[in-house]
Amino acid sequence: DLSACEKQLEAAKALPTAYLHQTFESEEAKKWERKKLGEVCEYDTGIWGEESDSSEECYYVLRSNNIQNSKIVLNEIAVRKVSPTKAQSKKMQIEDILVTTSSGSRNLIGKCALFDIQDGKNYLFSNFTMRLKPKLSTIVPGFLFYYLLSPIAKYFLTQIQATTSGLRNLDRKKYVMQNIPLPPLPVQQHIALELKEKMTQVEKLRLSVEKQLEAINALPQAILRKAFRGEL
């Protein structure tokens with residue numbers, strides 16, 4: 001029934017946080033080595049460029065709104081004119097991590113996504129975001145990405161926000177000073193793959209329950225009332 005479906009949906013939404021808590025705050029995790037974020041990846045700020053003029057110097061630029069539910073989405077993507085030399089240094093590569101650094105909302109600061117678009121186009125990133133480029137000899141990109149989604153990393157985010165004229169900003173210098181757990185690379189790889197699989201399953205479950213809810217809500221109220229009274 002409706003209430004059972006709603007409870008299922010709440011449970012499905014809570015699962016990702018539970019999985020991340022279980023992984024990164026376990027007794028095992030407490031024994032892992034730690035390094036600063038700035039030591040395990042390169043990082044830089046994005047670019048905004050000029051108004052598009054449809055020339056060859058125009059590029060797609062990813063903004064904060066292109067990070068949704070920890071994924072890169074290509075809705076309402078900006079197109080800006082950027083000199084080729086500057087564009088070269090700001091091109092996103094597979095498994096770079098994009099992070100929101102400015103927003104009107106406290107909850108959106110620090111939201112991130114692993115760049116996985118393989119459509120042959122060039123994507124830059126805006127000045128209200130920053131790019132993390134994991135050093136592959138030290139850290140697995142997927143492992144770092146899931147750590148940044150974890151409750152412990154999100155709590156750290158709340159400690160390092162500044163506000164200017166209604167806009168919340170991530171203190172980038174403090175952000176890259178946060179401690180990142182570093183188990184051996186094979187362990188990181190295993191955790192990244194396991195979490196990816198779990199998150200995929202949770203997403204399927206959530207979508208399935210949402211469809212059930214939509215179907216229930218689409219039924220005429222009179223039928224629903226009879227069903228709840230056991231009159232059907």
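1. Helix H4 is mostly covered, with 9 of its 9 residues buried. The buried residues of H4 are Pro141, Gly142, Phe143, Leu144, Phe145, Tyr146, Tyr147, Leu148 and Leu149. This assignment, like the other points below, rests on a predicted model, and the note should be read with that in mind.

2. The largest nonpolar core has 37 residues, and H4 supplies the largest share of this core, namely 7 residues. The residues with the most contacts inside the core are Leu37, Ile97, Leu132 and Tyr175. In soluble globular proteins, nonpolar side chains tend to be buried together.

3. Which residues does Leu37 contact, leaving aside its neighbours within four places in sequence? They are Leu132, Leu144, Tyr175, Val176, Gln178 and Ile180. Two of these partners, Leu132 and Tyr175, are also named among the residues with the most contacts inside the core, while Leu144 is one of the buried residues of H4.

4. Apart from the core of 37 residues lies another core, of 10 residues, which includes Leu62, Ile67, Ala113 and Ile117.

5. The aromatic pairs come to 6 in count. In one of them, the ring centres of Phe24 and Tyr147 are 5.3 Å apart and the planes stand at 80 degrees, and because an angle over 60 degrees counts as edge-to-face, the pair is assigned to that class. Phe24 belongs to helix H1 (residues 2-24) and Tyr147 to helix H4 (residues 141-149), so the pair ties together parts that are 123 residues apart in sequence. Phe24 and Tyr147 are both buried, and together with Trp32 and Phe143 they form one aromatic cluster.

6. Turning to charged side chains, a search of the whole structure finds 10 salt bridges. Side chains of opposite charge can pair when their charged atoms come close. One of the bridges joins Arg131 and Asp44, at 3.0 Å from N to O. This pair links distant parts of the chain, since Arg131 lies in strand S12 (residues 129-134) and Asp44 in strand S2 (residues 41-45), 87 residues apart. Are the two partners buried or partly exposed? Arg131 is buried, with a relative accessible area of 5%, whereas Asp44 is partly exposed, with a relative accessible area of 21%.

7. Asp96 forms a salt bridge with Lys133, and the closest N and O atoms are 2.9 Å apart. Asp96 sits in the loop between helix H3 (84-89) and strand S8 (97-100), whereas Lys133 is in strand S12, so the pair ties together parts that are 37 residues apart in sequence. Here the acidic partner is the buried one, because Asp96 has 2% relative accessibility, while Lys133, with a relative accessible area of 24%, is partly exposed.

8. The bridges of points 6 and 7 belong together, as Asp44, Lys90, Asp96, Arg131 and Lys133 are linked in a network of salt bridges. Within this network, Arg131 and Asp96 are buried, whereas Asp44 and Lys133 are partly exposed.

9. A further salt bridge is formed by the side chains of Lys174 and Asp171, with 4.0 Å between N and O. This value deserves a careful reading, because the criterion for a salt bridge is a nitrogen-to-oxygen separation within 4 Å. Lys174 counts as partly exposed at 47% relative accessibility, and Asp171 likewise counts as partly exposed, at 27%.

Conventions:
Residues are numbered from 1 along each chain as its sequence is written. This is a predicted model: local features need pLDDT of at least 70, side-chain atom pairs count only at pLDDT 80 or more; totals for chains, interfaces and linings use all residues. Side-chain values use heavy atoms; hydrogens and water are left out. Rings of Phe, Tyr and Trp (its six-membered ring) pair if their centres lie within 6.5 Å; planes under 30 degrees apart count as stacked, over 60 as edge-to-face and the rest as tilted. Helices (H or I, at least four residues) and strands (E, at least two) are DSSP runs, numbered from the N terminus. Buried means under 20% relative accessible area, exposed over 50%, partly exposed in between (1.4 Å probe, protein chains only). A nonpolar core is a set of buried Ala, Val, Leu, Ile, Met, Phe, Trp, Tyr and Cys residues joined through side-chain atoms within 4.5 Å. Contact means heavy atoms within 4.5 Å.
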